[in-house]
Structures are given as C-alpha cells and as structure tokens.
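Welcome! Take a moment to turn the model around before reading on.

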Amino acid sequence: MSTVIALPRRKLTVTDYHRMVRTGILTDDDHLELIEGDLIEMAPAGPEHADVVAHVGRILRTQTTFLVREEKPVTLPEHSEPEPDIALVKPRRYLDAHPFPDDVLMIIEVADTSLDKDKKVKVPLYARFRIPEVWIVDLHGRSVECFWNLSVGTGLSQYVRSKRAERGLITSETILGIALNLDELWKGT
C-alpha cells in the first residue's frame, strides 16, 4: 500500500520570481507565469491566438487613450504575476515595475487551450485583486464572455455580472467606447 506524503511547500513571491529572472535561472524561453506562488507553464501561442491578440490590440488602440499592453506581466502582490494577453492600463510609463491592480482597467484573455484555466483560475484571481472588467475570447467556441461588477465583502471578491456573445457588437461595461465587433473578429479565422 502506497502512502501519499504531504511535503511542505514554499510559495514563490513576485520578488523571488524577479530574482530568478535577473539571475538567469528563468529566461524568456521558459514561457512561465507566476500564479498564486506557483510557476505555471504557458502554452505557446499558435497562429490564430497570436492573430486575434494582435487584431484586438489594434482595435482597442483606436478606441481608447489607455495604454494597451499585449502579453506583458501584471503584478498582483504578493504571489502572482500573470501575463494576460491584453491589459488596458493607466497611460503612463512602467519603467520600474509592471502595472499593479490599481493601474489595470481591463484584462482580456484569448483562450485557445487555456479556457478552463482562464475561467477557473485567472478570472477569480483578477476578481480578488479588483480588476474592474475581464473578457475571455474563446477561440474554439467563437464567443466572448465578459465579467464585471465586483462583489467585495468580507469573503472572496467575485464578479456578479457577466454576459456572453457570439455575434454582433460586445461593449465594455466599465470603459466607455470600448467595443468589439465579433462578426469582424471571426471573419477570416
């Protein structure tokens, strides 16, 4: 009979993670993100994923004066630094640190193979850090799901409103002027 032994674990901090990058233990070739103190491997972006991220980023840049960051880290102290596909952040320079939750207005994740992780891990993580709005672009389901209206209390923060669309125009609930034409988005994919 085999016995499972629970070994003590040490969660990495964002500082630990940055130190590992600075010293060369981790490199850009590792394709990792720090989630809840664990190093999580990111799937390589396929052509459709890369195209949709670039297309959505290009559209957003025409609709807002906020900074549109593609595939760049967002620091969620103290144990997470995900790399969302797109983050709309306050328009300033981020020379000394990646954007923190107070800098982030919206996050968009493009899900090819990561739909479960995005919905079950990342959306609750973003809610806990009070990111106002999160969209998940589901490449296989050809849909976009939006989450907003945080319920913040003594328990866990969570989004209490959501909507899903497959066609037509989907608009942001928290940022005036942000919209995505899904018919145009799926055209050519």
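The report below walks through some strands, an aromatic pair, a few backbone details and the nonpolar cores.

Please keep in mind that this is a predicted model.

**Strand β4 and its partners**

A good place to begin is strand β4, which covers residues 86–89. Its residues I86 and L88 point one way, while A87 and V89 point the other way, and all of them are buried. In a regular strand, side chains alternate between the two faces of the sheet.

Strand β4 pairs with strand β3 (residues 67–70) in the antiparallel sense, over four bridges. Within that pairing, V89 is the bridge partner of L67. Strand β4 also pairs with strand β5 (residues 104–111), again antiparallel and over four bridges. There, M106 of β5 stands opposite L88.

**Rings and a charge**

How many aromatic pairs does the structure hold? There is one. It is made by F147 and Y159, and because their ring planes meet at 50°, with the centres 6.3 Å apart, the pair counts as tilted. F147 belongs to strand β7 (residues 143–151) and Y159 to strand β8 (residues 158–165), so the pair ties together parts 12 residues apart in sequence. Are these two residues buried or exposed? F147 is buried, with a relative accessible area of 12%, and Y159 is buried with a value of 12%.

Another ring to look for is that of W148: the charged end of K163 sits over it, 5.6 Å from its centre.

**Backbone details**

The loop between β3 and β4 is worth a visit. The peptide bond from P77 to E78 is cis, with omega near 5°, and E78 has its place in this loop. E71 is found in the loop between β3 and β4 too. E71 is not a glycine, yet its phi is positive. R130 is a residue other than glycine with a positive phi as well. The table sets E71 and R130 side by side.

| Residue | Phi | Location | Relative accessible area |
|---|---|---|---|
| E71 | about 50° | loop between β3 and β4 | 36%, partly exposed |
| R130 | near 60° | loop between α3 (115–128) and β6 (133–138) | 48%, partly exposed |

**The nonpolar cores**

Now look inside. Which residues have the most contacts inside the largest nonpolar core? They are W135 and V137, in a core of 25 residues. The elements giving two or more residues to this core are α2 (47–63), β4, β5, β6, β7 and α4 (182–186). A second, separate core has 19 residues, and among them are I35, V89, F147 and Y159.

To see the surroundings of W135, set aside its neighbours within four places in sequence. The residues then in contact with W135 include M106, I107, I108 and E109, along with V144, E145 and C146. Further contacts of W135 are I170, T171, S172, I178 and L180.

**L125 in helix α3**

The last stop is L125, which lies in helix α3. L125 is buried, with a relative accessible area of 0%. What is in contact with L125, leaving aside its neighbours within four places in sequence? The residues are I35, E36, L76, S80 and P82. As for I35, it is 90 residues from L125 along the chain, and the C-alpha atoms of the two are separated by 8.6 Å. I35 is also one of the residues of the second core.

How values were computed
Residues are numbered from 1 along each chain as its sequence is written. This is a predicted model: local features need pLDDT of at least 70, side-chain atom pairs count only at pLDDT 80 or more; totals for chains, interfaces and linings use all residues. Side-chain values use heavy atoms; hydrogens and water are left out. Buried means under 20% relative accessible area, exposed over 50%, partly exposed in between (1.4 Å probe, protein chains only). Two strands pair if DSSP finds at least two bridges between them. Rings of Phe, Tyr and Trp (its six-membered ring) pair if their centres lie within 6.5 Å; planes under 30 degrees apart count as stacked, over 60 as edge-to-face and the rest as tilted. A charge sits over a ring if NZ of Lys or CZ of Arg is within 6 Å of the ring centre and within 35 degrees of the ring normal. A nonpolar core is a set of buried Ala, Val, Leu, Ile, Met, Phe, Trp, Tyr and Cys residues joined through side-chain atoms within 4.5 Å. Contact means heavy atoms within 4.5 Å.
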